[in-house]
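User: Please take a close look at one part of the structure shown below and work outward from there. I would like a single connected account in plain terms.

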Amino acid sequence: MNILIDTHILLWWLADDPALPPRASDAIANSDTTVVVSAVTAWEIAIKKAAGRLEAPDNLLEAVEANNFDTLAITADHALAAGALPVHHSDPFDRMLIVQSQMEGLTLVSIDKRFPHYQVELLPLN
């Protein structure tokens, strides 16, 4: 399975936080799973950390690499598709994750309740 994890899922995994849903934890820990972290997630973390709204490791990229997670760049195609999404969700970071999941054939892992409004494959967390 190839999964794209959102910001909360990544941070909970890195912190070994009990808020991480067990199904997400199991999927990430599975050696047959390719875990992908989007550049938009790193961007969101950097912005919110600088504003004092989020705690995250100072060595985020090293932590991502140490977990053998792949990274995904943002392309112009991703940006155009995110701009064309219906506005069920106004958060630009989340809209990018939705599009990247769709375009790259990745299963999205998130607790966001608005994601099911889009045609995106989600890992069931219940």
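Analyst: Met103 is found in helix H6. The model is a predicted one, and everything that follows is to be read with that in mind. With a relative accessibility of 41%, Met103 falls in the partly exposed class, because that class covers what lies between the buried limit of 20% and the exposed limit of 50%. Leaving aside residues up to four places away in sequence, Met103 touches Asp77, His78 and Ala81. Glu121 is 18 residues from Met103 along the chain, and the C-alpha atoms of the two are separated by 11 Å.

The next step is the sheet. It is an open sheet of four strands in the order S3-S2-S1-S4, and the pairing is parallel. Strand S3 (70-72) and S4 are the edge strands, each of which pairs on one side only. From one strand to the next, the twist averages 35°.

The pairings can be taken in turn. S2 and S3 run parallel and are joined by three bridges. One residue pair to look at is Val37, whose bridge partner in S3 is Thr71. Helix H3 packs on this sheet, where it touches S1, S2 and S3, and the direction of H3 makes about 50° with that of S2. Helix H6 (residues 92-104), the helix that holds Met103, also packs on the sheet. The contacts of H6 there are with S1, S2, S3 and S4, and its direction makes about 150° with that of S4. An angle over 145 degrees counts as roughly antiparallel, so H6 is roughly antiparallel to S4.

On its other pairing, S2 is joined to S1 by three bridges, and these two strands run parallel as well. Here Asn2 stands opposite Thr34 in S2. Of the five residues of S2, four are buried, so the strand is largely enclosed by the rest of the structure. As background, side chains in a regular strand alternate between the two faces of the sheet.

H3 also meets another helix. Two packed helices are described by the angle between their axes and the distance between the axes. For H1 and helix H3 (residues 39-50), the angle is about 75° and the axes are 10 Å apart. That angle makes H1 roughly perpendicular to H3. H1 contributes Thr7, Leu10 and Leu11 to the contact, and H3 contributes Thr41, Glu44 and Ile45. By type, the residues of this contact are three nonpolar, two polar and one charged.

H1 takes part in a further piece of packing, this time around H2. Within helix H2 (residues 22-29), the residues Ala24, Ala27 and Ile28 are buried. Viewed down the axis of H2, these buried residues fall within an arc of 95°, so they line one face of the helix. Pro22, Asp26 and Ala29 are on the other side of H2 and are exposed. Which elements cover the buried residues of H2? The cover includes strand S1 (2-5), helix H1 (7-15), strand S2 (34-38) and strand S4 (107-109). S1, S2 and S4 are thus strands of the sheet that also help to cover the buried residues of H2.

Some loop residues complete the picture. Asp16 lies in the loop between H1 and H2. Its phi is near 50°, which is a positive value in a residue other than glycine. Asp16 counts as exposed, at 70% relative accessibility.

Asn68 lies in the loop between H4 and S3. Phi of Asn68 is near 60°, again a positive value in a residue other than glycine. The relative accessible area of Asn68 is 64%, so this residue is exposed.

Asp58 has its place in the loop between H3 and helix H4 (60-66). With a relative accessible area of 75%, Asp58 is exposed, because the limit for that class is over 50%. The C-alpha atoms of Asp58 and Phe69 are separated by 17 Å, and the two residues are eleven apart along the chain.

Conventions. Residues numbered from 1 in each chain as written. Predicted model: local features only at pLDDT ≥ 70, side-chain atom pairs only at ≥ 80, totals over all residues. Heavy atoms only, no water. Buried < 20%, exposed > 50% of the residue type's maximum accessible area, 1.4 Å probe, protein only. Arc of directions from axis to C-beta. Contact = heavy atoms within 4.5 Å. Axes fitted to C-alpha atoms, helices over the stretch in contact; angles between N-to-C directions. Parallel < 35°, antiparallel > 145°, perpendicular 65-115°, else oblique. Nonpolar A, V, L, I, M, F, W, Y, C, P; charged D, E, K, R; others polar. Pairing = 2+ DSSP bridges.
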